[in-house]
Amino acid sequence: MKSLYAVIGNPIAHSMSPVMHNDLFQHYELDAHYHAFAIETNDLTDAVKGFRAIGISGFNVTVPHKVAIMPLLDEIDPLARSIGAVNTVVNENGRLIGYNTDGSGFVLGLKNKFDDLESKKVLIIGAGGAARAIYFTMAHVGVKHLDITNRTITKAENLAKDCPYSVNTSILQLEEAENRLGAYDIIIQTTSIGMAPQTECEPLSLHNLSKNAFVSDIIYNPLETRLLKMAREKGANTQNGIEMFVNQGALAFEKWTGLMPDTSRMTTKVLKQLG
Ligand code: ATR
């Protein structure tokens, strides 16, 4: 019988996950289908019950359900538990197990670029859910120096305090981060600033950016935010949010099927869908 996989969120109509995963199922000749379901917050408990009843094989969880899904599952992976959010669920013999592949998807992309990621000096801009997944996963894989800057300092302080993995962190005001920017090897932009439709802004000035720095923005709409454009014009290497999106999907696919899929195939598919 065909296996069913899904993504639940709200809104979900523009999700690129169905096209990406259905292409993989076809490519690897797996008898499976992936479908997007728009689920209202009030219906989340019933939706999970329904998934259990039909014996779903696995599903992704996106905004706004990544936190609320947790008490509805049977087991949570320790990294996902510490992050406090689940984006991937695996049905193991009727038990629903929650994972977080957002942070690990992001870190997988960086590991492919830097052999010595652990020793890099990293600045994270933002302290929301995405920053949390990235910060905790970077700390978990042994990155030693991870600073955070955010408009609301207390949110950055709480994020660092909640992290169970040992790491050196300074919390910086945006202006302090701008002044010290030249000291960082890797800068990761995790806020929504610069995302369509408000593309004409950036979270901080890159005046002091080193041309040897690597600047990553988790936004993929537009493919090049104003921050990335400015970084590229200063000679820095840049990365948009496509790789994180593809890698979180690849790691979910691996958890479901045991196969690590071809991420360049996935990237082509996603870029085609974005137009
Ligand atoms: P996500 O789950 O996508 O990370 P989030 O939890 O709402 O989203 O976090 C949004 C992040 O973007 C936060 O770091 C937020 O800063 P605050 O903690 O100060 O709210 C940041 N952010 C969003 N809009 C912003 C703006 N206009 N100026 C500065 N920071 C902004």
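## Close-up views of a predicted model

**View 1. An oxygen atom of the ligand lies 3.1 Å from an N or O atom in the side chain of lysine 155.** The structure shown, here and in the views that follow, is a predicted model. Threonine 152 also approaches the ligand through its side chain, with a polar atom 2.4 Å from a ligand oxygen. Glycine 129 takes part through its backbone, an N or O atom of which lies 3.1 Å from an oxygen atom of the ligand. Of the 640 Å² that the ligand exposes when taken alone, the protein buries 61%.

**View 2. The shell around the ligand is made up of three nonpolar, seven polar and two charged residues.** The residues that surround the ligand include Gly126, Ala127, Gly128, Gly129 and Ala130. Asn150, Arg151, Thr152 and Lys155 also belong to the ligand surroundings, as do Thr191, Ser192 and Ile193.

**View 3. Threonine 190 occupies a place in the loop between strand 10 and strand 11.** With a relative accessible area of 10%, threonine 190 is buried, because the cut-off for a buried residue is under 20%. A polar atom of the threonine 190 side chain lies 2.7 Å from the backbone oxygen of isoleucine 125. Beyond its neighbours within four places in sequence, threonine 190 is in contact with Ile124, Ile125, Gly126, Ala127, Ala130, Ala131, Ile134 and Ile218. Two of these contact residues, Gly126 and Ala127, are listed among the residues around the ligand, and Ala130 likewise appears in both sets.

**View 4. Helix 4, which spans residues 102-111, is mostly covered.** Seven of its ten residues are buried: Asp102, Gly103, Gly105, Phe106, Val107, Gly109 and Leu110. The elements against which the buried residues of helix 4 pack include three strands, namely strand 10 (186-189), strand 11 (214-217) and strand 12 (237-239). Helix 5 (129-140) and helix 9 (242-257) also pack against these buried residues.

**View 5. Helix 2, residues 44-54, has Leu44, Ala47, Val48 and Phe51 as its buried residues.** These residues lie on the same side of helix 2, because the arc they cover around the axis is only 95 degrees. An α-helix has 3.6 residues a turn, so residues three or four places apart point the same way. Asp46, Lys49 and Ala53 are exposed on the other side of helix 2. The cover over the buried residues of helix 2 includes strand 1 (3-9), strand 2 (32-38), strand 3 (58-61) and strand 6 (95-99). Glycine 55 follows helix 2 and has a positive phi, near 70 degrees.

**View 6. Aspartate 23 is located in helix 1.** Aspartate 23 counts as buried, because its relative accessibility is 8% and the limit for that class is under 20%. When neighbours within four places in sequence are left aside, aspartate 23 is in contact with Arg265 and Lys269.

**View 7. Two cis peptide bonds are shown, one joining valine 63 and proline 64 and one joining alanine 196 and proline 197.** For the bond between valine 63 and proline 64, omega is about 10 degrees. Proline 64 has its place in the loop between strand 3 and strand 4 (75-76). For the bond between alanine 196 and proline 197, omega is about 5 degrees. Proline 197 is part of the loop between strand 10 and strand 11, the loop in which threonine 190 is also found.

**View 8. Glutamate 29 and asparagine 93 each have a positive phi in a residue other than glycine.** Phi is near 55 degrees for glutamate 29, which is found in the loop between helix 1 and strand 2. Glutamate 29 counts as exposed because its relative accessibility is 74% and the threshold is over 50%. Phi is near 50 degrees for asparagine 93, found in the loop between strand 5 (88-92) and strand 6. At 82% relative accessibility, asparagine 93 also counts as exposed.

**View 9. Alanine 13 is situated in the loop between strand 1 and helix 1 (17-27).** Alanine 13 has a relative accessible area of 72% and is exposed. Its C-alpha atom is separated by 36 Å from that of tyrosine 165, the two residues being 152 residues apart along the chain.

Key
Residues numbered from 1 in each chain as written. Predicted model: local features only at pLDDT ≥ 70, side-chain atom pairs only at ≥ 80, totals over all residues. Heavy atoms only, no water. Near = heavy atom within 4 Å. Polar contact = N/O pair within 3.5 Å; in protein donor to acceptor, adjacent residues only side chain to side chain. Areas by Shrake-Rupley, 256 points an atom, 1.4 Å probe, with all protein chains shown as cover. Nonpolar A, V, L, I, M, F, W, Y, C, P; charged D, E, K, R; others polar. Buried < 20%, exposed > 50% of the residue type's maximum accessible area, 1.4 Å probe, protein only. Helix = DSSP H or I, 4+ residues; strand = E, 2+ residues; numbered from the N terminus. Arc of directions from axis to C-beta. Contact = heavy atoms within 4.5 Å.
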